[in-house]
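Good morning, and thank you for coming. I should like to take you through some local features of the model that is about to appear on the screen.

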Amino acid sequence: MSQPETKPFDYLIHNVHVATMASTDDYGVVKDACVGVKSGVIQFIGTQQQLSHPNELDKNADSVINAHGQWLTPGLIDCHTHLVYGGNRANEFEMRLNGADYEEIAKAGGGILSTVRATRAASEQELFDSATKRLKSLLKEGLTTIEIKSGYGLDTETEIKMLKVAKRLGKEFPVRVATTFLGAHALPPEYKDRSDDYIDLVCNEMLPTIAELKLADAVDAFCENIGFSYQQTQKVFATAKQLGLPVKLHAEQLSDQSGAGLAADYHALSADHLEYLSQNSIEKMAKSGTVAVLLPGAFYFLRETKLPPIQALRDAKVPMAIATDSNPGTSPAESILLMLNMGCTFFRMTPLETLQGVTINAAKALGLDQEVGSIEVGKKADMVLWDIEHPNQLSYQLGGSNWARTFKS
């Protein structure tokens with residue numbers, strides 16, 4: 001008995017316009033295209049006439065999908081989030097708007113330590129359930145990859161709990177989750193006025209344990225005048241390097257601590273926030289290939305006035321990514337598309353730059369650009385179909401979603 005003929009593709013998308021995002025200069029548009037996928041990998045991008053059976057599409061693939069002239073982009077990537085946490089801080093938001101200052105909010109039990117208390121008290125299932133709601137909002141906007149940080153436990157047990165929840169989200173939803181250990185996020189109350197002792201805990205206990213459990217894909221820290229010093233951050237980075245883990249950094253959000261330059265010295269995947277970034281650190285980032293991750297949601301929510309040095313980053317050819325920074329205190333954002341608009345309106349980035357910022361450059365910020373972030377032969381078929389007239393519409397529209405379908409390998 002003869003075997004059925006094996007078709008070139010598992011599925012073929014035709015009658016589609018493709019923004020491949022494979023070029024640094026434009027959207028990489030292929031009009032009136034076909035895209036063929038086999039075993040979750042893109043095998044063909046071209047015209048219908050280039051197919052082996054151009055007039056009988058069903059001979060090319062097990063499934064043939066007519067896109068009716070819609071647009072296909074890479075799956076969107078949110079490369080900086082704090083998606084897993086307990087509680088919320090809406091009460092602090094209201095207090096600030098009613099005139100309370102930071103000290104008053106802290107005395108009332110607010111600030112990051114209120115999230116630490118809520119996260120420590122929450123069970124794994126409770127953290128999973130609350131994070132699921134936030135993740136679903138992002139998935140409805142074409143998200144296929146997300147980075148999720150720990151950092152609201154500030155003790156070994158809770159940091160592990162957060163990272164386990166993040167890993168579980170990646171198993172139970174059609175999304176790739178990159179996990180980041182952020183133990184050096186803030187000083188826990190039991191280490192008040194003992195920041196060096198806490199960094200010792202991070203380096204000597206937390207990091208080795210989490211590395212052994214394979215719960216983190218990268219290591220982050222908050223290098224800031226209200227966070228951890230240059231020297232303390234350097235110690236965390238050195239430990240991460242010994243354990244074979246790449247690093248990234250919350251840097252230059254509130255002041256210039258030269259953290260981005262330090263991150264570049266360690267060939268960090270990214271330096272994030274960067275409102276107070278210096279020219280010296282920009283030059284170091286350019287040499288090391290460290291991505292600048294810009295977070296317009298936090299800029300907006302905190303009513304910041306100091307803009308990141310966008311033109312200097314452009315001039316130095318530092319790749320720029322955009323992310324939600326989804327977190328309870330400074331960017332309770334659940335819309336990656338809104339970040340595109342904010343990147344354009346607040347930071348004066350172009351629509352092309354912001355779309356690059358949630359595709360190919362976001363993939364670089366996670367060390368995944370050889371697998372995802374653009375539509376190219378050999379890469380994973382993480383793609384999104386949009387009911388739009390041009391890719392610039394994704395950063396133009398406020399509210400709503402023109403998402404039509406996600407393809408996830």
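**A loop residue, and what surrounds the helices**

Let us begin with histidine 267, which lies in the loop between α8 (259–265) and β11 (270–273). Helices here are DSSP runs of H or I with at least four residues, strands are runs of E with at least two, and both are numbered from the N terminus. The model is a predicted one: local features need pLDDT of at least 70, side-chain atom pairs count only at pLDDT 80 or more, and totals for chains, interfaces and linings use all residues. Residues are numbered from 1 along each chain as its sequence is written, and side-chain values use heavy atoms, with hydrogens and water left out.

Histidine 267 has a positive phi of about 50° although it is not a glycine. Is this residue buried or exposed? At 61% relative accessibility, histidine 267 counts as exposed; the term means over 50% relative accessible area, buried means under 20%, and partly exposed is in between, with a 1.4 Å probe and protein chains only. Arginine 348 also is not a glycine, and its phi is positive at about 60°. Arginine 348 is placed in the loop between α12 and α13 and, with 60% relative accessibility, counts as exposed.

I turn now to helix α12, which spans residues 336–345 and is mostly covered, eight of its ten residues being buried. Among the buried residues are Ile336, Leu340 and Cys344. At the N-terminal end of α12, serine 335 acts as a cap: a side-chain oxygen lies 3.0 Å from the backbone nitrogen of leucine 338. A polar contact is a pair of N or O atoms within 3.5 Å; within protein, one must be able to donate a hydrogen and the other to accept it, and residues adjacent in sequence count only if both atoms are side-chain atoms.

A further contact involves lysine 248, in strand β10 (residues 248–251). Its side chain reaches the backbone oxygen of alanine 365 at 3.2 Å. Lysine 248 is buried, with a relative accessible area of 1%.

Next, the aromatic rings. Rings of Phe, Tyr and Trp (its six-membered ring) pair if their centres lie within 6.5 Å; planes under 30 degrees apart count as stacked, over 60 as edge-to-face and the rest as tilted. How many aromatic pairs does this rule give? The count comes to eleven. One of them joins phenylalanine 128 and phenylalanine 173 in a tilted arrangement, 6.3 Å centre to centre with 35° between the planes. This pair links distant parts of the chain, 45 residues apart: phenylalanine 128 is in helix α4 (residues 124–139), and phenylalanine 173 is in the loop between α5 (156–172) and β8 (176–184). Both phenylalanines, 128 and 173, are buried.

Tyrosine 300 and phenylalanine 346 have ring centres 5.9 Å apart and planes at 25°, so the pair is stacked. Tyrosine 300 is partly exposed at 47% relative accessible area, and phenylalanine 346 is partly exposed at 28%. Phe299, Tyr300, Phe346 and Phe347 form one aromatic cluster.

Finally, two charges. The charged end of arginine 168 sits over the ring of phenylalanine 128, 3.7 Å from its centre; the rule requires NZ of Lys or CZ of Arg within 6 Å of the ring centre and within 35 degrees of the ring normal. Likewise, the charged end of arginine 134 sits over the ring of tyrosine 85, 3.8 Å from its centre.
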